[in-house]
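Biologist: I should be grateful for a close look at a single part of this chain, set in the context of the whole. Please take one helix and what directly follows it, and then relate that part to the rest of the fold.

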Amino acid sequence: MKTLLGQVSSKTFGVAANNLATVMSLIEDRMGLSKLVPGTFNVKIQEDYIVKADATISPQEYGLQETIKLQRCLISGYKAIIMRPDTHETRPNWGHGKSHLELMSPFCLRDTLGLNDGDTVAIQVEDDDDWWYSGK
């Protein structure tokens, strides 16, 4: 398992989830989570991180000329999804870049975990189904 350490970014930084409203049902179906909170949880991490996609939303489905990569993760035992357009990984200085994660969950992670801007969080990624199903 890989653990990424990151710092919680501004609540108003990033609006990717708001832009994904038209494909939210596809994301929920492909990732096995329902009622995802429509809004982003932004984390700046200490390394460049290439998302190992568990599912994708294609440019044809999304309509914005880029693939959205989706990867499962756990934060303090809560299931969440890393979502990142492939352009953030492949185009220099595009979007937020490789050291920024935008997350969605069925919970408002800020409120549930009592997090504020600047707090440090550990995000666990890249493991098996048993690990994923052990989360809340």
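Modeller: The account below begins with the whole chain, turns to helix 2 and the loop after it, and ends with other sites for comparison.

The model is a predicted one. Its chain contains six helices and seven strands, and read from the N terminus the order of elements is β-α-α-β-β-α-β-β-α-β-α-β-α. The radius of gyration is 14 Å, close to the 14 Å given by the globule rule for 136 residues, so the chain is as compact as a globular protein of that length. The C-alpha trace spans about 35 × 30 × 25 Å along its principal axes. Of the 136 residues, 46% are buried. Where contacts link residues at least 6 apart in sequence, 69% of them join residues at least 24 apart. The accessible surface amounts to about 6900 Å², and carbon and sulfur atoms account for 47% of that area. As for charge, there are 14 positive and 18 negative side chains, and the centres of these two sets lie 2 Å apart.

Helix 2 is the part chosen for the close look. The helix covers residues 24-31, and its buried residues are Met24, Ile27, Glu28 and Met31. Viewed down the axis of helix 2, these buried residues fall within an arc of 95 degrees, so they line one face of the helix. The general geometry is helpful here: an α-helix has 3.6 residues a turn, so residues three or four places apart point the same way.

Directly after helix 2 comes Gly32, whose phi is positive, at about 75 degrees. Further on, in the loop that joins helix 2 to strand 2 (41-45), lies Lys35. Lys35 also has a positive phi, of about 55 degrees, although it is not a glycine. The background is that most residues other than glycine have a negative phi. Lys35 counts as exposed because its relative accessibility is 71%, and the cut-off for that class is over 50%.

Glu126 offers a second case of such a backbone angle. Its phi is near 60 degrees, again a positive value in a residue other than glycine. Glu126 sits in the loop between strand 7 (120-125) and helix 6 (129-133). With a relative accessibility of 31%, Glu126 counts as partly exposed.

Glu126 leads on to helix 6, in which Trp131 lies. Trp131 has a relative accessible area of 9% and is buried. Leaving aside residues up to four places away in sequence, Trp131 touches Met1, Arg72, Cys73, Leu74, Gln124, Val125 and Glu126. Trp131 and Gly114 are 17 residues apart in sequence, and their C-alpha atoms are 24 Å apart in space.

Helix 5 (residues 109-113) supplies a last site, Thr112. This residue is partly exposed, with a relative accessible area of 36%. With residues up to four places away in sequence not counted, Thr112 touches Tyr78 and Phe107. Thr112 and Tyr78 are 34 residues apart along the chain, and their C-alpha atoms are separated by 9.5 Å.

To return to the part requested, helix 2 has Met24, Ile27, Glu28 and Met31 buried, and Gly32 follows with a positive phi.

Methods:
Residues numbered from 1 in each chain as written. Predicted model: local features only at pLDDT ≥ 70, side-chain atom pairs only at ≥ 80, totals over all residues. Heavy atoms only, no water. Buried < 20%, exposed > 50% of the residue type's maximum accessible area, 1.4 Å probe, protein only. Helix = DSSP H or I, 4+ residues; strand = E, 2+ residues; numbered from the N terminus. Arc of directions from axis to C-beta. Rg over C-alpha atoms; globule rule 2.2 N^0.38 Å. Contact = heavy atoms within 4.5 Å. Areas by Shrake-Rupley, 256 points an atom, 1.4 Å probe, with all protein chains shown as cover. Lys, Arg positive; Asp, Glu negative; His and termini not counted. Charge placed at Lys NZ, Arg CZ, Asp CG, Glu CD.
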